[in-house]
Amino acid sequence: MNNITYINNKFVKHSNAKISVEDRGFLFADSIYELIGVFNKEIIDTDQHLNRLDLSLKKVKIKYRFNKEKFKKIITKLIKLNNIFNGYIYIQITRGVAERKHEFPKKYKPTTIIFTKHLNIDKKIYEKGVKIITIPDLRWLRRDIKTTSLLPNVLSKQLAIEKNAFESWLIDNGNITEGSVSNAWIIKSSNTIITHPANNKILKGVTRDTVIKILKKNNFNIKERSFNLIEAKNAKEAFLTSSTLSVLPVVKIDNYNVSNGKPGDITKKIMYLYNNYIVKNKNSLAKELKIAWLNQ
Ligand code: PMP
């Protein structure tokens, strides 16, 4: 069996997984999501992702009988059925199907979909680093919620691609908040590592949190504070993080090379430490559920 998707308590062929045109996720983006990375069959930071999923549900007031253990069983089953080695698990929960009115329906049954995708890792971008552009952050002020209302992110990422860049870093009130699909980091000439504080202006990335923990454990100097474009362009190094990209060096910001335009030594060290964390993920779901095939 291949390419199986979970939809509302059923495992079906991906092409048969369908939702109603009156689903509020489709009509209003009245829906939240989560995306969990899978590397070498290891599901990374499962608990943190599922905790954030639960938090997003609460923040948008979707009434849901959240059962973490059930989610863990479903995603483990899907990874096995779909034979995912490197890829991701995508979870989306909407406020369900109802007549198109903005207010919440009095009664509703949330829609839950979970699918998996294979990812081919492009080693070149990690060796060479990527270019980013900067553009105004036009999003709403609850960026801490992982909602599928992503049109500004879609448009910013598209603009980056059109400018032969990999990602856009978004500027709000003079400061860089984050990327359209990732968190943004710079390293000062003092070796201090800086990323935007986790408030309503950014998504608190799970990778961001893990990298912060790793950095603190390894005695790096890390500061969660705002930084502006001038600071970014004068940075010694820069990188971005996300669940599918891990730690990716940034070597060009707009048309300015970051230092010599090559991935920096501290960034390489962070990539190495994060990779080690993934490989030796002591809290991995595979170990927790004692599933032999995941460890093969
Ligand atoms: N910010 C935004 C806007 C994102 O879309 C993502 C990726 N989902 C991130 C940050 C990184 O979050 P995570 O490390 O949890 O994937």
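**Ligand shell and a helix crossing**

Modeller: The side chain of Lys146 puts an N or O atom 2.6 Å from a nitrogen atom of the ligand. This is a predicted model; local features need pLDDT of at least 70, side-chain atom pairs 80 or more, while totals for chains, interfaces and linings use all residues. Residues are numbered from 1 along each chain, and side-chain values use heavy atoms, without hydrogens and water.

Biologist: What makes the Lys146 pair a polar contact?

Modeller: A polar contact is a pair of N or O atoms within 3.5 Å. The Lys146 pair lies at 2.6 Å, so it counts. For Glu178, a side-chain N or O atom is also 2.6 Å from a ligand nitrogen. Ser243 has a polar side-chain atom 2.7 Å from a ligand oxygen.

Biologist: How much of the ligand does the protein bury?

Modeller: The protein buries 93% of the 390 Å² that the ligand exposes alone, by the Shrake-Rupley method with a 1.4 Å probe.

Biologist: Why is α2 called oblique to α3?

Modeller: The axes of α2 and α3 (residues 68–81) cross at roughly 125 degrees and come within 11 Å. Oblique means outside three classes: under 35 degrees (roughly parallel), over 145 (roughly antiparallel) and 65 to 115 (roughly perpendicular). The crossing angle fits none of these, so α2 is oblique to α3.

Note on methods
A polar contact is a pair of N or O atoms within 3.5 Å; within protein, one must be able to donate a hydrogen and the other to accept it, and residues adjacent in sequence count only if both atoms are side-chain atoms. Axes are lines fitted to C-alpha atoms, for helices over the stretch in contact, and angles run from 0 to 180 degrees between N-to-C directions. Helices (H or I, at least four residues) and strands (E, at least two) are DSSP runs, numbered from the N terminus.
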